[in-house]
Amino acid sequence: MAVNKRNQNKRSNILVVTEALLIAYMGYITYFILTQVGLVSSVPPEKLIINVGLLTVSILLCSLSVGLYEAKLRETFRGIIRRIFVSVGLSYFLVEIISRALFDDLVMDAYFLPAAVFSIIITLVIFRYFTNRLGLLGLGKVRIVVLGAGERASIIEKRMRRDVDRIGFEMVGFVPIPGDNREDGIRREKIVHIKVDENFQQFINDNDIEEIVIACDQRRGTLPVEVLFECRLRGIEVTELLDFMERETGQIVVNLMYPSWVIYSNGFQSQNYLRDALDYSLNAILALFVFIFVWPIMLTTALIIYLDDGRRTGVSVFYAQERVGLNGQLFKILKFRSMRPDAEKDGAKWASKNDDRVTRIGHFIRKYRVDELPQLLNVFKGEMSFIGPRPERPQFVEQLVKEVPYYNQRHNVKPGLAGWAQLNYPYGASVEDSMEKLKFDLYYVKHQSLLLDILILIRTVEVVLFGKGR
């Protein structure tokens, strides 16, 4: 449906223009308030216009680069807030560099830019709340229908039960397809009994369907290819179930994966020497920067562990343990000791949420991720990155490779101090938990990028500051 595409482009254009006006307006209001309270001196109109214009264009370009103007952006409101912070933050540094390098005589007083950036962030967050939550500018939920009501389709019902899981779409219903396993299929969702033939297009038009999700159990001989082809030509999005779940939940459903999907899907970028060198340089610089700020915390933690039981037992405050890294290579990970010295007297065990082997100080440092700080040394050595799947022990990897499909693929990137799985899944202590965490790890491996790393870092800071460690 070409009309849908035009409407989406129109909504995106209206959003860009509206936000441009808001950014420029808040820049002017900020200047006006600061001049009234005496923090900024008055400037000629042309100087103000150039500064506000430069800031507006910069924020719009950065917002575009982080996907804030995508017509089909699938993101929670919290995710949108993080993108706004990233785009406006990048714009701040961009404007500082450009204005001082090219327009030094037009630079405003020091208070103007930080105050303007702060007011713009607040304004954009409030504006996006109303546009996304209340459906203003047509940026609300997308209406979808699912072809299939069997076992594969039931993954949507099982994994996306809450309203927050469906914030980006409205489910019109599930259409049964011949060959569906109805015994293990949809139970509580709306079933639409309609034949997928030439009349299906009328159903699409009558219900304002914008996307069709393919989730039938049997495709060969049952999938209405000609009907879907016609829908696609009319502008209706046709999405495979794996892609839909990946987009909406931030994970790859491992038990539904098949080789051809991996072959034809985007992502899974190859590494090269230049990228590896740049990646190591960025991680080493960031590790040095973090170490400068946290070394007093590390010193205090080591002292407390020593006084708690290290002095009595004579055991080191650090704990070195063998883990599996990039391409399956083994390395020694370094942590502050948070468990008793005899924690593994009976062999390797999964760590659990309320593990009785954890010491008194161990509960605190694990909650706030302080026990992970010595791994900055692993980052300096190039064995780990800041962001990546958490490295697992060889004993567990050997078991998991046999029981969890595609588990070895998480070793295609360097392990990290923080990861996408740690932010989205509780503490894992079993093969089943490892399967669930692998779904998020593979999502990271597939979509690894600087933007995703920044978003994970921002959320990790939130975890550390508010004690939400998993």
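Is Cys231 buried or exposed? Cys231 counts as buried, since its relative accessibility is 0%. I will come back to the cysteines in a moment.

First, a word on confidence. What we are looking at is a predicted model. Averaged over the chain, pLDDT is 83, and 87% of the residues reach 70 or more. In the chain, helix 12, residues 376-380, has the highest confidence, at a mean of 95. The lowest is in helix 16, residues 450-465, with a mean of 76. At the start of the chain, residues 1-5 stay under 50 in pLDDT. For that stretch the model has twelve contacts beyond four places in sequence.

Now the cysteines. Cys216 is buried as well, because its relative accessible area is 2%, under the 20% cut-off. How many disulfides does the structure hold? Zero.

Next, the strands. Strand 3 covers residues 211-214 and strand 4 covers residues 237-240. The two run parallel and are joined by four bridges. One of the pairings involves Glu211, whose bridge partner in strand 4 is Glu237. Between these strands comes helix 7, residues 225-233, and the three elements together make a β-α-β unit. Its hand is right-handed.

On to the packing. The largest nonpolar core has 65 residues. Which of them touch the most other members? They are Val146, Ile156, Phe174, Leu241, Phe244 and Met245. Helix 15, residues 431-447, supplies the largest share of this core, with eight residues. Another core lies apart from it, with 33 residues, including Leu55, Val66, Phe112 and Phe127.

Back to Ile156 in the largest core. Leaving out residues up to four places away in sequence, Ile156 touches Val146, Met171, Phe174, Leu241, Phe244 and Met245, and also Arg166.

Last, Ile454. This residue lies in helix 16, the helix where confidence is lowest in the chain. Why is Ile454 classed as partly exposed? Its relative accessible area is 26%, and the class runs between the 20% limit for buried and the 50% limit for exposed. How far apart are Ile454 and Val86 in space, C-alpha to C-alpha? The distance is 7.9 Å, while in sequence the two are 368 residues apart. Since helix 16 has a mean pLDDT of 76, I give that distance together with its confidence.

That is all from me.

Note on methods:
Residues are numbered from 1 along each chain as its sequence is written. This is a predicted model: local features need pLDDT of at least 70, side-chain atom pairs count only at pLDDT 80 or more; totals for chains, interfaces and linings use all residues. Side-chain values use heavy atoms; hydrogens and water are left out. Two strands pair if DSSP finds at least two bridges between them. A crossover is right-handed if, with the strands pointing away from the viewer, the path from the first strand over the helix to the second runs clockwise. A disulfide is a pair of cysteine sulfur atoms within 2.5 Å. Buried means under 20% relative accessible area, exposed over 50%, partly exposed in between (1.4 Å probe, protein chains only). pLDDT is the predictor's confidence in each residue, from 0 to 100. Contact means heavy atoms within 4.5 Å. A nonpolar core is a set of buried Ala, Val, Leu, Ile, Met, Phe, Trp, Tyr and Cys residues joined through side-chain atoms within 4.5 Å.
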